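Please read this note with the model open beside it, and turn to each place as it is named. The points are meant for a reader who is new to protein structures.

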Amino acid sequence: MTRSNRDRFGGMLGAVGAALALGMALVWGAANAQAVGLGQGGGTLSHVDNVDSRTVPPSVDAGPSAQSAGPADEAPAPEAQAPAAAPSQGSAATKLVGVEARTSPEGTVLVLKGDGRIDGASSFTLENPNRLVLDIPGIQNAVTTPRIDVGSAEVARVRVAQHDGKVRVVIDGGSAASSFAGRRIEPSSDGLVVTLGGSPGAQPVAASAPEPTAAASGADTTGGSSQATAAEAAPSAAPAPMVHQVTGVKLDAQADKSRVEIDADATVKYQVMRPDKETIVVSLRNATLAEGAQTKIAPEQAGPVSLVTAFAQPKTKKPEVRVVIKRATGAKPTVTRDGDALFVDFPVGDAVAAKPPMLAAPSEAPASAAAPEAASAAPHKAVAQASQAAAPASMESGNAADILQEGGLVNGKEYTGRRISLDLKDVDINDVLRLIAEVSDLNVIAGDEVTGKVTIRLVDVPWDQALDVILLTRGLGFVRVGSVLRIAPSEQLKKEEESRLQERRSHEKLEDLTVKLQPVNYANVDEVEKMVKKLLTARGVVNVDKRTNTVIIKDIPSVIDEATALIKAIDTQTPQVLIEAKIVEANLDFARDVGTTWSFGAQPNVDPFAATLTPRTDLGGSDFLLNTTSTVPTSVGGTTTNLPNNNVFFANPITDVATGLANVGAFLLDQKLNINFQLQAAESNGEGKVISSPRVVTLDNREAKILQGDSIPFQTFQNGDAQLEFIDAVLSLAVTPHITADKSIIMKVEVTRNAPDDSVKTSTGSPAIAKNEAKTETLVADGQTLVIGGIYTVDKAEKESRVPYLFKIPILGNLFKEHEIHDTRKELLIFLTPRVVEHAEVAG
């Protein structure tokens with residue numbers, strides 16, 4: 001906010017009788033400044049605090065006097081205790097683990113170390129002898145040394161002891177007459193810091209800079225002013241320090257680090273603070289900012305530093321310059337000095353600082369808009385606070401109206417403006433709108449119809465959301481006219497909008513019609529016609545010429561322009577997909593069959609080896625004579641054989657064609673008996689593989705289909721008439737691809753494999769059709785191969801024929817069996833590889 005804007009803003013407050021007591025500090029990327037108003041109704045603004053001006057204990061190198069301390073003697077209870085230190089960031093400590101003393105000619109610093117932040121400590125002093133007593137509730141004493149002798153002018157010794165529910169630290173005063181005057185007791189991230197005397201020690205240079213968290217504003221400063229800062233706590237007799245000038249701030253993004261360079265006309269004392277995990281504040285006390293040195297720097301490339309802001313801190317008794325650095329979470333700075341230049345280095349690592357959402361041009365350093373003196377006469381309570389959330393400050397573009405969304409307060413609406421806090425009571429709506437205009441740099445116009453007062457309390461909300469809430473409260477709305485925001489009652493805006501629409505419709509009825517011929521290259525002209533019809537006015541007409549693929553539009557010029565833009569948007573080349581398929585069909589067949597046939601009986605001939613066979617007549621007696629002259633037809637394996645009488649015959653032949661035969665015939669008992677034996681065996685093993693490689697190109701969202709196979713004739717009968725029909729026994733592949741925005745391909749795939757199956761017998765003798773089908777929908781990347789499997793069949797059979805009872809004879813029982821084994825396996829695999837065709841010639 002520029003100085004002229006602040007004067008104008010202050011004038012606005014005065015116009016309502018100082019109704020707004022506004023403490024506002026818009027720290028660009030830095031402090032959370034807040035103005036606190038006290039009292040009700042006609043109460044006054046008692047004080048203005050700058051939160052980040054709270055003192056942080058100076059970093060002091062431990063000198064030879066640094067020691068550890070332990071328990072103390074018990075001290076008498078005080079009559080009254082000083083206020084406890086305000087709690088702040090960091091986890092709370094559960095125990096006190098040590099005490100360090102750091103001395104220098106300027107004073108003494110005692111560091112009470114805990115396993116976390118020590119809050120809620122109270123203190124009081126005792127006399128004769130001088131003692132300072134600190135009571136720390138809720139922690140345990142883990143210090144092993146009972147006492148430590150310091151021997152400085154301010155502190156003689158330190159004693160630590162455990163009491164009921166608290167730890168008591170007793171500091172015995174030294175030789176200084178007022179060793180505890182102007183003391184400062186401030187929490188740190190790992191304990192409590194007690195500063196006695198001046199500001200001992202110097203800032204460490206060429207080392208990793210400490211990052212103390214800002215101390216609470218309620219830190220105990222009993223010996224001096226109740227709100228004294230570290231600089232203000234110095235003895236009044238000390239001479240005023242020399243004021244130096246900061247001449248410039250630079251950001252140098254190097255390969256291994258990001259360096260912030262702070263140039264001054266002399267060596268300036270500095271202090272490093274960490275308001276939050278993503279912000280580093282370098283405070284330069286007793287320093288001013290040279291004209292033109294105020295800056296806001298954002299690097300082009302992402303790195304450990306995303307924003308550097310330099311400004312003069314307002315509302316301080318002594319001049320102070322602050323450099324606020326927006327860093328990556330956890331990025332630790334290293335501070336070095338070279339002459340009068342100060343360098344803050346952040347190493348480049350994996351962490352990258354969050355980039356501000358929008359960046360504005362540098363403006364003058366923020367300043368409080370209202371002084372406490374002016375606020376004392378305000379009749380009403382009014383508090384305004386511009387604060388920060390995760391980032392030091394939200395950055396906005398030069399034209400703040402660009403981020404506004406019309407439509408009022410609706411669900412799902414996103415707000416991106418700078419976060420502010422407002423606490424207003426009975427304030428005129430026009431003054432509130434002017435306040436938001438100042439915060440957001442808006443150009444706002446509100447007419448006489450915008451009246452009334454509002455009472456609002458909003459905490460840490462975007463200013464554009466606050467504007468919507470305020471307007472909704474008073475039944476107002478806004479419209480954008482270029483970069484200007486016009487505010488008026490919502491009903492009036494609705495009537496104006498309806499009036500504009502009515503005027504537009506009346507103008508359309510009087511406007512001349514024009515004709516335009518719009519060629520269509522890729523889209524379907526009939527589908528385009530349907531979409532264009534929805535845009536036409538009541539007098540508009542659209543026709544198509546399919547011969548030339550042209551849309552003929554007749555309407556007013558504005559509608560023709562809209563229709564033309566629509567046709568050009570949808571008339572784009574449809575992408576194509578090249579689908580390469582490999583279809584592999586594998587078959588495996590195995591069969592084995594073993595059987596026997598044999599017979600045993602009387603030898604029918606007198607001499608089986610004679611040239612002329614003479615039937616025997618000596619078999620049997622006169623009462624029972626065996627017939628040896630006739631034969632009996634016997635069917636074996638489908639073949640009929642005439643066998644002689646008086647025989648025993650066993651047949652277990654194989655069903656397949658024998659690939660091996662063994663025949664044995666013999667005569668027994670002086671050629672009176674004969675025996676015949678035949679062993680049959682067959683085995684087959686087959687493997688088959690069929691590979692097909694079809695390839696097809698189709699448009700996006702259009703089906704592509706491939707067929708391969710035969711049409712088999714089947715004879716059917718209907719009403720006694722024979723008819724011939726053809727059934728397809730084919731391998732078919734149907735694919736419908738869709739190309740997504742990231743060039744992936746969604747495919748609907750349907751695969752069928754229909755083939756004749758002779759193993760299934762039908763009444764007409766025609767072969768049956770064996771069907772295998774697979775249907776799926778899948779997502780694959782461009783050029784990735786998809787495997788569709790699962791059509792896998794296994795047919796195993798084992799059959800045995802045998803002679804009852806005899807097959808159970810050990811070993812010999814195998815002569816009365818036939819054993820057959822069949823094993824058939826089939827597998828169908830389909831490999832699909834879709835590719836997006838960028839150019840038409842690739843498809844060929």
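**Notes on the predicted model**

1. A good place to begin is the residue Gly475, which comes just after helix 4 and takes a positive phi of about 70 degrees. Please keep in mind, here and in every point below, that this is a predicted model.

2. Helix 4 itself spans residues 463-473, and its buried residues are Trp463, Asp464, Ala466, Leu467, Asp468, Ile470 and Leu471. What do the buried residues of helix 4 pack against? Their partners are helix 3 (429-440) together with four strands, namely strand 25 (419-428), strand 27 (453-462), strand 28 (476-481) and strand 29 (484-489).

3. For the protein as a whole, the model holds 8 helices and 45 strands, and 41% of its 844 residues are buried. The accessible surface comes to about 43600 Å², and carbon and sulfur atoms account for 51% of that area. When contacts between residues at least 6 apart in sequence are considered, 68% of them join residues at least 24 apart.

4. Strand 17 deserves a careful look, because 7 of the 7 residues in this stretch (residues 279-285) are buried, so the strand is largely enclosed by the rest of the structure. Its side chains alternate in direction: Thr279, Val281, Ser283 and Arg285 point one way, Ile280, Val282 and Leu284 point the other way, and all of them are buried.

5. Which strands are joined to strand 17 by bridges? Strand 16 (residues 270-276) runs antiparallel to strand 17 and is joined to it by 5 bridges, with Gln271 having Ser283 as its bridge partner, and a hairpin of 2 residues connects these two strands. Strand 21 (residues 320-327) is also antiparallel to strand 17, with 7 bridges between them, and here Ile280 stands opposite Ile325.

6. The largest nonpolar core has 28 residues, and those with the most contacts inside it are Ile262, Val282, Leu284, Val323 and Ile325. At least two residues of this core come from each of strand 14 (244-253), strand 15 (257-264), strand 16, strand 17, strand 18 (287-289), strand 20 (305-312), strand 21 and strand 23 (341-347). Apart from this core lies another one, of 26 residues, which includes Val99, Ile136, Ile185 and Leu192. As general background, nonpolar side chains in soluble globular proteins tend to be buried together.

7. Val282 can be followed in more detail: leaving aside neighbours within four places in sequence, Val282 is in contact with Ile262, Tyr270, Gln271, Val321, Arg322, Val323, Ile325, Leu342 and Val344.

8. How many aromatic pairs does the structure hold? The count is 0, although rings do appear beneath charged side chains. Arg259 lies over the face of Phe343, at 4.4 Å from the ring centre, and the charged end of Arg802 sits over the ring of Phe807, at 4.3 Å from its centre.

9. Is Arg184, a residue of strand 11 (residues 184-188), buried or exposed? Arg184 counts as buried because its relative accessibility is 1%, and the cut-off for that word is under 20%. Arg184 and Gly197 are 13 residues apart in sequence, while their C-alpha atoms are 9.1 Å apart in space.

Notes
Residues are numbered from 1 along each chain as its sequence is written. This is a predicted model: local features need pLDDT of at least 70, side-chain atom pairs count only at pLDDT 80 or more; totals for chains, interfaces and linings use all residues. Side-chain values use heavy atoms; hydrogens and water are left out. Buried means under 20% relative accessible area, exposed over 50%, partly exposed in between (1.4 Å probe, protein chains only). Two strands pair if DSSP finds at least two bridges between them. Rings of Phe, Tyr and Trp (its six-membered ring) pair if their centres lie within 6.5 Å; planes under 30 degrees apart count as stacked, over 60 as edge-to-face and the rest as tilted. A charge sits over a ring if NZ of Lys or CZ of Arg is within 6 Å of the ring centre and within 35 degrees of the ring normal. A nonpolar core is a set of buried Ala, Val, Leu, Ile, Met, Phe, Trp, Tyr and Cys residues joined through side-chain atoms within 4.5 Å. Contact means heavy atoms within 4.5 Å. Accessible areas come from the Shrake-Rupley method with a 1.4 Å probe; for residues, only the protein chains shown count as cover.
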